[in-house]
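Colleague: Could you take me through one part of this model slowly, strand by strand? I'm new to this, so please explain the terms as you go.

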Amino acid sequence: MSAAIPHSHSYVDVARMAALTNGTYTEHACSSDTSTIYKLSTVAFAGRTDACSDVVIADTPTYGRVLFLEGEIQSAETDQVIYHEMLVHPIMAATASIVDRNILVVGGGEGATVQEVLRWTNVCNVTWIDIDEGLVNLCRRHLDWTENNVYNNPKVTFLAEDIRTALPRLAQHYDVIILDLPDPDPSETTSDRLYGSSFWTLLHNHLREGGAIVSHAGPISPGADVEKYRNGIHLIQSIEGVGYPYHILIPSFQGEWGFWMSIPPVCTGPFPTECSIINEETLKQAFTWSRMWNSSAVGTIRPL
């Protein structure tokens, strides 16, 4: 960041740390009807921040160090690279012809999304807005998959604010907007919610002509009912209309994960040399939706 992140508050729950050590954590995402139980060994942090009532950072025997927020898994040491490369590099490849790109990253407390953006040489500056400065500090302290120099990179400006109040007062417009926020939640119906209609209007008001937006879209599964089985993608497309959904398996998330971007993919690269997941084959597979995904034979409950 242009300046080091100042101190903000996080609050340790010592009793919960002790209870979770060598125990389990039951995760349940708002966009899924299943729960997953993760075995824990050591616990680096359990408690809350000013913006998040439940934060757990712990070591697991299967996925290494894992971050949970508000009962949902956010990132895991063994496969976070899949999520972050798939969120960032498809849209960066699709906009690679834009010289000196201005990038907006919304959310992404681990810092890894910003790190992937900075792998591209034709990036002029990155505005990183995350409401939870305390979480950003915790991730910097306890997660080691983001290099420390990301936080002091002169191209990066960090704002600890709600995107819905921060963006209206910013005069800057962006070539790429990357949303690394909580899962889209169809149960929230107000237009000013995250992923609501006024939220997307706000983003477009700060998007340059020819610019593009990408978002993760939560867990997905096969079945003809898109609203039921791919509700995050359905929610975004119901407001944004045309777009380009894609997907990939993330083991620690226990299944396929959906993404959506506003412009067609460019699968030919070249991609930054530091990338370990993204290549032409990976991208082509990600944007391919086989017949299985829309089959009415999948997900159908047969009468007894």
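Modeller: Let's start with strand β8 and strand β9 (residues 123–129): they run parallel and are joined by six bridges. Strands here are DSSP runs of E with at least two residues, while helices are runs of H or I with at least four, and both are numbered from the N terminus. Two strands count as paired if DSSP finds at least two bridges between them. One spot to find on screen is L104, which sits opposite T127 in β9.

Before going on, a word on what you're looking at. This is a predicted model, where local features need pLDDT of at least 70 and side-chain atom pairs count only at pLDDT 80 or more, though totals for chains, interfaces and linings use all residues. Residues are numbered from 1 along each chain as its sequence is written, and side-chain values use heavy atoms, with hydrogens and water left out.

Back to our strand. β8 also has a partner in strand β11 (residues 174–180), again parallel, this time over five bridges. There, V105 has I178 of β11 as its bridge partner. In a regular strand, side chains alternate between the two faces of the sheet.

How does the chain get from β8 to β9? Helix α3 (residues 112–117) joins in, and β8, α3 and β9 make a right-handed β-α-β unit. Right-handed means that, with the strands pointing away from the viewer, the path from the first strand over the helix to the second runs clockwise.

And is β8 (residues 101–107) covered or open? Mostly covered: seven of its seven residues are buried. Buried means under 20% relative accessible area, exposed means over 50%, and partly exposed is in between, using a 1.4 Å probe and protein chains only.

Now step back along the chain to A94, in helix α2 (residues 80–94). A94 counts as buried because its relative accessible area is 18%. A94 touches M261, I263, P264 and V266, leaving aside residues up to four places away in sequence; a contact means heavy atoms within 4.5 Å. A94 and A212 are 118 residues apart in sequence, yet 8.8 Å apart in space, C-alpha to C-alpha.

Finally, how far can you trust the picture? The protein averages a pLDDT of 93, and 96% of the residues score at least 70; pLDDT is the predictor's confidence in each residue, from 0 to 100. Take care with residues 1–7, where pLDDT stays under 50. Where pLDDT is low, the predicted coordinates should not be read in detail.
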